[in-house]
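Visitor: Please pick one part of this structure and take me through it closely. Then set it in the context of the rest.

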Amino acid sequence: MKKAKVVNLSDSGAQNSKNLWEQQYNQLLPEDRDISNRSGIPIKPLYTPDDWNDENYADKLGYPGQIPMTRGIYPTMHRGRTWSQRQLIGYGIPSDYNERLRKLLDAGNNAISLIPCNSVYRGFDADEVDPKLIGTCGVIVNTVDDMDRCFRDVDIAALSTAMNDPLPFTLLALLLGVAARRGIDWNQVSGTSNQSDYISHYVANHMFFRLSLEGSRRVLVDHIAFCQARVPNWNPLSVVGQHTQQAGATPAQAMAFTLATAIQYAEDCANRGMDPDIFLERFTFFFDISISFFEEIAKCRAGRRIWQRIVRERLGAKNPKTWRFKFHGQTSGVDLTRQQPLNNISRVSIQALAGIFSGLQSLHTDAYDEVLSVPTEEAARIAIATQNIVREEAGCADVIDPLAGSYYVESLTDQMEEKIVETMDQINAVGGMFKAVESGLIQRWIGESAMRFQSQVERGEQTIVGVNKYQLEEEDSVAEPLKRPTESVIQSQLESLANFKANRSQAEFNSALSQLQSAAQDPQKNIYEAIVNGVIGGLTHGEVVRYVRQELGFGQPQMIL
Amino acid sequence: MLLDSYRPKVIVTKIGLDGHDRGSRLVATKLRDSGMEVVYTPPWQSVSAVVRLAAEEDADVIGISSLATDHLLVPDLVSALHDAGLDHIGIIVGGIIPDDDEQTLLEGGVHRVFHPGSSLVEISDFVRDLAIKSRTRSLRKFQVVSNEES
């Protein structure tokens, strides 16, 4: 039997073969187009051992669960425990949410989410906004009673609950209020405060930006300290790259912004005397997974490698659990098109595959109709089926980090790492992420990248099927009308809020409010503790946000063009 | 009327609760770079604040970006502009707008709805034409008033 020839770089035969290929390639394709990925890295037609070779294995890759973490943060990765399929749920009033939640639990889900209504995001109770706008995009939750109804006949100690709960974290306070009411120890409450990264809200997704930048800085650290002491199985922080990338940042920029933000939060905690070996264990991340397949995989692999280095070298953490770059991924909504919307199912499949190959811990796949409206139930079901098909039919989760060792993927991972580190250095040079967003630098970069991408689309350099190429003359619209709660349902919710306010003890309310105000005015006190006690004492979500805004300032994003 | 060299004045804003602004920033930047005067506001404006701003700025066109359900407030804006005597102002809406709602908006006085995937050039050309039409309407209104006065 003939033995396979071992290619050696010093082998002149191999070099001759490469020269010959190059010659042939240039002859056949004299006017090759320049291709770059979204982060601006030039993409070659062929990658070889000149771009990456296995001598770097120990330094650059290693084994899953080991430094430098490139291949994944756990020894078993998806082979041991599949990623969590955490779909977003939230609609209507608490009883609607409860009905949907129990269906999901009966179907075997244990990782659940709670998406509140946009009025909640903006810090309002239902009686403070135009009724037309409430209950469509998420569930209305304003009081401990509402939260209790959301989780009626559900054992909150048995769930991992991810809540979209921006600062000052009123939903977690309400959940802890329910736990207290039911006699459940807060040690048993587990989950994540999603949308806790106020910097990403300041620069990109303003919907969640409630408090002034300085006020936010204090509240976040108080929240992390409180959870560490009182709700130790709760992840108080999810640092978000998804918002900046959805707003237009390139994948490399989004990763750099996220890591720089995490450093800022970690240093803010350390400056309060907290121990990185403890608080870093609970840092989690959230990324956008676009359709730029190889780039997204390289982005996440590079991110893991950079984070473990920062945690060990810059933040001084010795606890190996803190070296893990745990992240949730969501397939990118910006890539989806209104034109020929069923094509979005293909797009989401490719994005999901990129997410899985990137080694994520939890995945949300978008419904194909997200670009038309709030997703229908059928579209949401297809989004989940997409994950199951990729995992169980196609066998894409059988091997850990399956693209490792590819000349292209490894070379791209290295180049993305360089690009990310370069941007992080620029942020360091202006004094860190807080300063960089205060001055508007990050917002300008995002705006420029968004415009660059849009111009590429309009010049036809970036194809979007059905939008700038392969368009149809006649579009079939599949848009379903928006599902909205009826007026009587909204009315019943407003009545229950009015009853809650009428029936609460005025003495307890007054004492809760004055404690909250005094905690806000005294930086030595933990304001989050006062918020939790506040909702237990009868304050509503809207009242907490209003009083905290009065004390710490309203969050007004900068408008930069 | 020689309005070919007229520099349109456009308000780009978001009313209601949502804060996603990639679309509104791109559109505002494009309109500005095409030579229009752009007033770009923070999100979460109230209908009355937009009407006040439109009057103060003497705007030709108002562009509303909506990615959630805030477009449901646009009919209120149209009628508030009408009540304030500003019905010459052109209104466009951009973002995620379900088909049924688009029909309602267009019938209710919105001049055009732009969906994701729209080209910035197309938006900018449309806004320029619309601005010239609104300016013409406004001048006519003004002339009628001055004639009555004289």
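Guide: Start at P168(A), which is placed in the loop between β3 (160–164) and α7 (170–181) of chain A. Helices (H or I, at least four residues) and strands (E, at least two) are DSSP runs, numbered from the N terminus. This is a predicted model, in which local features need pLDDT of at least 70 and side-chain atom pairs count only at pLDDT 80 or more, while totals for chains, interfaces and linings use all residues. Residues are numbered from 1 along each chain as its sequence is written, and chains are lettered from A and ligands numbered from 1 in the order in which they are written.

The peptide bond between L167(A) and P168(A) is cis, with omega at about 5 degrees. Most peptide bonds are trans, and most residues other than glycine have a negative phi.

The loop belongs to a right-handed β-α-β unit made of β3(A), α7(A) and β4(A). Right-handed here means that, with the strands pointing away from the viewer, the path from the first strand over the helix to the second runs clockwise. The two strands of the unit, β3(A) and β4(A), run parallel and are joined by 5 bridges; two strands pair if DSSP finds at least two bridges between them. One bridge sets A162(A) against T192(A) in β4(A).

β4(A) covers residues 190–194, and 4 of its 5 residues are buried, so the strand is largely enclosed by the rest of the structure. A residue is buried if 20 or more other C-beta atoms lie within 10 Å of its own, exposed if 12 or fewer, and partly exposed in between, with C-beta atoms placed from the backbone. β4(A) also runs parallel to β5 (residues 234–235) of chain A, joined to it by 2 bridges. T192(A) takes part here too, standing opposite N235(A) in β5(A).

Chain A has a second cis bond to report, between I67(A) and P68(A), with omega at about 10 degrees. P68(A) sits in the loop between α2 (57–61) and α3 (77–80) of chain A. M69(A) lies in that loop between α2 and α3 as well. Its phi is near 70 degrees, a positive value in a residue other than glycine. M69(A) has 26 other C-beta atoms within 10 Å, which is why it counts as buried.

Further along chain A is helix α11 (residues 251–271), with 21 residues. Its end C-alpha atoms are 30 Å apart, in agreement with the 30 Å expected at 1.5 Å a residue; the expected span is 1.5 Å times one less than the number of residues. Of the 21 residues of α11(A), 17 are buried, so the rest of the structure largely encloses the helix. G273(A) follows α11(A) and has a positive phi, near 85 degrees.

As for the setting, chain A contains 22 helices and 9 strands. Of its 561 residues, 50% count as buried. The C-alpha trace of chain A spans about 90 × 60 × 50 Å along its principal axes. Among contacts in chain A with a separation of 6 or more, 76% come from residues 24 or more positions apart; two residues are in contact if their C-beta atoms, placed from the backbone, lie within 7 Å.
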